[in-house]
Amino acid sequence: MIMNAQKRVAAIHDISCFGRCSLTAALPIISAAGVETSVIPTAVLSTHTGGFDDFTYRDLTEDISKVVDHWISLNLKFSAVYTGFLGSIEQIDIICGTFDRLGSEDTMIIVDPVMADNGILYKTFPQNFPEGMKRLCGKADVIIPNITEATLLLNTEYRDGPYTEEYIEDMLLGLGKTGANKIVLTGVFFNEKEFGAATYDTETENISYSFFSRIPGHYHGTGDVFGSALVASMVNNVSFEKAAAVAAGFTAESIKRTYAAGTDTRFGVNFEEGLKDLPGLIAEARS
């Protein structure tokens with residue numbers, strides 16, 4: 001019996017050595033779904049930048065193209081390329097080129113335009129960074145911005161929630177003009193009881209929502225947990241809307257475990273104890 005070839009994803013994110021985000025989330029989560037996960041680190045930090053001071057930061061811009069060169073010499077093929085935090089504005093052009101070099105017509109390009117949260121651009125980025133990120137999103141099949149990142153991509157004013165459906169759907173339609181076919185907007189809530197994500201498929205024009213019960217606190221790294229679970233699901237042939245629901249549910253359970261344990265929210269969420277359940281969630285969504 002001939003086995004189907006294992007799927008392979010290239011994850012291009014930073015390594016935050018502590019804090020459960022970026023590659024330290026993407027690598028285990030996508031791998032747990034049975035997908036070979038190759039990585040290109042964009043930077044190395046002692047911790048992530050949310051809530052910590054005096055973190056170390058090493059920019060790896062000069063290494064990215066060298067890694068890609070070597071991969072091309074090995075004739076490596078990828079089911080998806082998934083990007084997150086980029087270490088410098090110079091990396092945007094490099095990653096745009098990397099999509100062309102590593103991708104094929106069968107390669108899904110997923111961009112999480114990691115650059116801001118809570119209405120504020122991350123302090124490691126210059127003010128023109130969102131303009132560059134727009135170009136990167138224009139080359140993607142799927143983008144996964146949060147509300148703040150969406151306002152920067154659309155050049156609109158950020159405002160706090162709760163939001164209205166009209167506001168969210170206007171934002172989704174605007175993001176649909178960036179060039180990506182599928183949009184996932186995270187951090188969506190219409191009341192104080194539920195929190196989640198909205199999806200928009202520009203081809204079907206379908207808009208859907210995935211909500212879970214809101215838990216007190218602001219939890220760092222949840223965007224990376226969500227994005228990684230979304231990628232793991234879509235690469236395993238789960239439909240777009242169902243993949244977002246799997247990612248929302250997986251993230252919600254990770255937050256619940258963290259809240260129950262009383263863990264410092266800066267340290268990221270406990271997704272590790274849910275990894276054993278992820279293949280089953282994906283299989284159920286695919287059936």
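The axes of helices H5 and H6 come within 10 Å and cross at roughly 55 degrees. That angle lies outside the ranges for roughly parallel, roughly antiparallel and roughly perpendicular, and H5 and H6 are therefore oblique to each other. The crossing of H5 past H6 is left-handed. On the H5 side, the contact is made by Ile147, Ala150, Thr151, Leu153 and Leu154, and on the H6 side by Tyr167, Ile168, Met171, Gly174 and Leu175. Of these residues, 8 are nonpolar, 2 are polar and none is charged. The model described here is a predicted one.

Helix H5 covers residues 147–154, and Thr148 has its place in this helix. Is Thr148 buried or exposed? Its relative accessible area is 3%. The cut-off for buried is under 20%, so Thr148 counts as buried. Leaving aside residues up to four places away in sequence, Thr148 touches Ala116, Asp117, Asn118, Gly119, Ile120 and Tyr158.

A second pair of helices is H8 (residues 240–261) and H9 (residues 278–286), which pack at an angle of about 150 degrees with their axes 10 Å apart. Angles over 145 degrees count as roughly antiparallel, and H8 and H9 are therefore roughly antiparallel to each other. Their crossing is right-handed. H8 contributes Lys242, Val246 and Phe250 to the contact, while H9 contributes Leu278, Leu281, Ile282 and Ala285. The residues of this contact divide into 6 nonpolar, no polar and 1 charged.

The table sets out the two contacts by residue class.

| Helix pair | Nonpolar | Polar | Charged |
|---|---|---|---|
| H5 with H6 | 8 residues | 2 residues | no residues |
| H8 with H9 | 6 residues | no residues | 1 residue |

The model also has an open sheet of 9 strands, with mixed pairing, in the order S3-S2-S1-S4-S5-S8-S9-S10-S11. Which strands lie at the edges of the sheet? They are S3 (57–59) and S11 (206–213), and each of them pairs on one side only. S3 pairs with strand S2 (residues 36–45) in the antiparallel sense, over 3 bridges. Leu45 stands opposite Tyr57 in S3.

Helix H6 (residues 165–175) packs on this sheet. It touches S8 (142–143), S9 (182–188), S10 (194–201) and S11. The direction of H6 makes about 145 degrees with that of S9. H6 thus appears in two settings: it packs on the sheet, and it makes a contact with H5 through residues including Tyr167 and Met171.

Definitions and conventions
Residues are numbered from 1 along each chain as its sequence is written. This is a predicted model: local features need pLDDT of at least 70, side-chain atom pairs count only at pLDDT 80 or more; totals for chains, interfaces and linings use all residues. Side-chain values use heavy atoms; hydrogens and water are left out. Axes are lines fitted to C-alpha atoms, for helices over the stretch in contact, and angles run from 0 to 180 degrees between N-to-C directions. Helices (H or I, at least four residues) and strands (E, at least two) are DSSP runs, numbered from the N terminus. Angles under 35 degrees count as roughly parallel, over 145 as roughly antiparallel, 65 to 115 as roughly perpendicular and the rest as oblique. A crossing is left-handed if the near helix is turned anticlockwise from the far one by less than a right angle, and right-handed if clockwise. Contact means heavy atoms within 4.5 Å. Ala, Val, Leu, Ile, Met, Phe, Trp, Tyr, Cys and Pro count as nonpolar, Asp, Glu, Lys and Arg as charged, and the others, Gly among them, as polar. Two strands pair if DSSP finds at least two bridges between them. Buried means under 20% relative accessible area, exposed over 50%, partly exposed in between (1.4 Å probe, protein chains only).
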